[in-house]
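Biologist: I am new to this model and would like to go through it slowly. Could you explain each term as we reach it?

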Amino acid sequence: MTGTVLRGRVLTFVDVPQGVDDASSYRYFEDGAVFINEGKVIAVGDYHKANIAGATVIDHHPHLILPGLIDTHVHYPQMQVIGSYAGALLEWLNKYTFVEEQKFADKGHAERIASRFFDELIRHGTTTAAAYCSVHKVSAEAYFAEAARRNMLVVGGKVMMDRNAPEPLRDTPQSGYDETRDLIGAWHNRGRARYAITPRFAITSSPEQMEVAGTLAREFPDCYVQTHLSENLAEIELAKELYPNLGDYTGIYEHYDLLGPNTLLGHSIHLSHHEVELLAETKSVAVFCPTSNLFIGSGLFDFGRLRERGVRVAVATDVGGGTSYSMLKTLDEGYKVAQLRGQRLDPLTSFYLMTLGNARALSLEGTIGSIVPGADADLVVLDARATPHMALRMETVEALADELFLLQTCGDDRAVAEVYVAGKAMKNGVEEK
Ligand SMILES: [Zn+2]
């Protein structure tokens with residue numbers, strides 16, 4: 001049989017963990033084998049029971065093999081504003097981000113940063129991202145072209161914004177509509193790419209532009225919609241002032257037909273009871289971005305409340321408001337946000353979220369986020385002994401959940417030993433540029 005067998009400690013989630021002891025939420029093979037061929041997972045199970053005759057075996061012991069990590073909200077044009085010293089959201093946007101994003105009118109710049117962006121994703125074990133590009137069509141073209149070159153499953157979209165931003169960053173309702181349509185035609189479902197209709201947020205889109213965004217969402221129901229919701233108190237006040245007759249912030253997106261199972265709502269922090277009900281009803285996804293929320297001081301996402309009310313929740317870095325490309329670091333900060341809320345975010349749930357949970361949020365279960373026959377072979381190999389202090393701590397770790405918690409608390413790109421994208425080794429398997 002031709003193909004490759006990855007041998008190692010294989011872990012893949014099958015359902016939402018109901019606590020740190022819930023062994024029914026995952027499948028784990030201490031000496032496991034993932035059989036891959038032509039970019040797909042063919043089989044997974046115990047190494048000694050696997051039929052591996054003729055296959056190339058790559059042994060990753062003692063490391064863990066998991067599905068590739070998924071980032072559901074990130075801004076690739078913000079790589080060079082990460083860690084900018086600012087006050088709250090609106091100052092951060094005006095002082096740094098809206099200046100930086102103007103550079104993406106230049107194709108060469110967009111291509112260079114897109115290439116560096118995917119280098120960082122791979123370095124950190126992330127095989128799928130849902131990214132905002134800048135307002136410029138060329139920035140989305142650079143993003144999708146680079147992802148295609150690496151054969152990565154990505155979601156992305158050109159930002160639509162026609163007000164409350166510097167003139168070079170503004171499109172119009174018509175140009176935003178036309179360019180989005182062109183990009184969907186050129187990229188959506190081409191290879192592994194998916195398109196997200198991307199009105200940046202209610203503040204930077206006029207009612208006319210929100211209207212066309214809703215039209216696009218109806219015309220292309222299998223595209224995603226991504227935007228921002230209720231990140232910061234001043235932002236919420238401004239949004240309500242700009243749309244005085246639509247009740248609350250979530251009501252604005254509801255009014256323009258932008259809520260639904262394919263809608264990713266970055267932040268979703270300060271929500272009323274009515275807004276939470278609306279998210280649950282429409283099956284929209286609330287995206288938790290802990291490093292960003294802490295860094296910009298936006299607030300504490302209420303994971304427990306949203307879960308309880310039946311809202312779909314995803315996790316994301318939100319670079320460059322977020323401060324790390326690492327989904328491990330992201331869930332480390334997510335854990336601390338939960339602690340401050342008096343909630344527990346256990347390590348099984350964290351690793352569920354960055355793999356199967358985020359795949360479900362993108363309605364891509366069975367394709368990415370779990371190691372099952374027929375899935376794309378996007379995988380990450382994690383080393384819990386990657387640094388001297390982690391290796392020392394591992395001497396006292398006994399349970400799998402404790403190892404995951406150590407990886408999350410102390411791990412970063414150094415803990416990512418290898419990354420496979422559609423079956424191809426990308427971190428060490430090919431030279432980095
Ligand atoms: Zn964002």
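Modeller: Let us start with Arg7, which, leaving aside neighbours within four places in sequence, is in contact with Asp31, Gly32, Tyr47, His48, Val57, Ile58, Asp59, His60, His61 and Ile65; contact here means heavy atoms within 4.5 Å. This is a predicted model, in which local features need pLDDT of at least 70 and side-chain atom pairs count only at pLDDT 80 or more, whereas totals for chains, interfaces and linings use all residues. Residues are numbered from 1 along each chain as its sequence is written, and side-chain values use heavy atoms, with hydrogens and water left out.

Biologist: What makes Arg7 count as buried?

Modeller: A residue is called buried under 20% relative accessible area, exposed over 50% and partly exposed in between, using a 1.4 Å probe and protein chains only. Arg7 has 18% relative accessibility, so Arg7 counts as buried. Arg7 is found in strand E1 (residues 4-13), where helices (H or I) are DSSP runs of at least four residues and strands (E) are DSSP runs of at least two, numbered from the N terminus. Arg7 and Val44, 37 residues apart in sequence, have C-alpha atoms 10.0 Å apart in space.

Biologist: Which atoms are called protein donors of the zinc ion, and why?

Modeller: Donors are N, O and S atoms within 2.8 Å of the metal (3.2 Å for Na, K and Ca), and water is not among the atoms, so sites may look incomplete. The atoms NE2 of His73, NE2 of His75, NE2 of His228 and OD of Asp318 lie 2.1 to 2.4 Å from the zinc ion, so they qualify as donors.

Biologist: Why is the site of the zinc ion called irregular?

Modeller: Four donors count as tetrahedral if all angles lie between 85 and 135 degrees; four count as square planar and six as octahedral if opposite donors are over 155 degrees apart and all others between 65 and 115, and anything else is irregular. The angles among the four donor atoms of the zinc ion run from 88 to 171 degrees, and the upper value is outside the tetrahedral range, so the site is not tetrahedral; it is classed as irregular.

Biologist: What makes His73 and Asp318 a pair that ties parts of the chain together?

Modeller: His73 lies in strand E5 (residues 69-75) and Asp318 in the loop between strand E13 (312-315) and helix H11 (327-340), so the pair joins parts that are 245 residues apart in sequence. His73 has a relative accessible area of 2% and is therefore buried, and Asp318, at 3%, is buried as well.

Biologist: How do you know that Ile296 is buried?

Modeller: The relative accessible area of Ile296 is 5%, so Ile296 falls in the buried class. Ile296 is found in the loop between helix H9 (290-295) and helix H10 (303-308). Leaving aside neighbours within four places in sequence, Ile296 is in contact with Gly87, Ala88, Leu89, Trp92, Glu231 and Gly321.

Biologist: What is the crossing of H12 and H14 like, and which residues make the contact?

Modeller: Helix H12 (residues 347-361) and helix H14 (residues 400-410) pack at an angle of about 65 degrees with their axes 8 Å apart; axes are lines fitted to C-alpha atoms, for helices over the stretch in contact, and angles run from 0 to 180 degrees between N-to-C directions. The contact is made by Pro347, Leu348, Ser350 and Phe351 of H12 and by Ala401, Leu404, Phe405, Leu407 and Gln408 of H14. The crossing is left-handed, a name used if the near helix is turned anticlockwise from the far one by less than a right angle, with right-handed used if clockwise.

Biologist: Why does Gln408 count as buried?

Modeller: Gln408 has 0% relative accessibility, so Gln408 counts as buried. Leaving aside neighbours within four places in sequence, the contacts of Gln408 include Leu328, Tyr335 and Phe351.

Biologist: What makes the backbone at Asp257 and Ser363 worth a remark?

Modeller: Most residues other than glycine have a negative phi, and most peptide bonds are trans. Phi of Asp257 is near 65 degrees, and Ser363 has a positive phi of about 55 degrees although it is not a glycine. Asp257, at 41% relative accessibility, counts as partly exposed, and Ser363, at 46%, is also partly exposed.

Biologist: Which peptide bonds are cis?

Modeller: Among them are the bond from His61 to Pro62, with omega near 5 degrees, and the bond from Val319 to Gly320, with omega near 5 degrees. Pro62 lies in strand E4 (residues 56-67), whereas Gly320 lies in the loop between E13 and H11.
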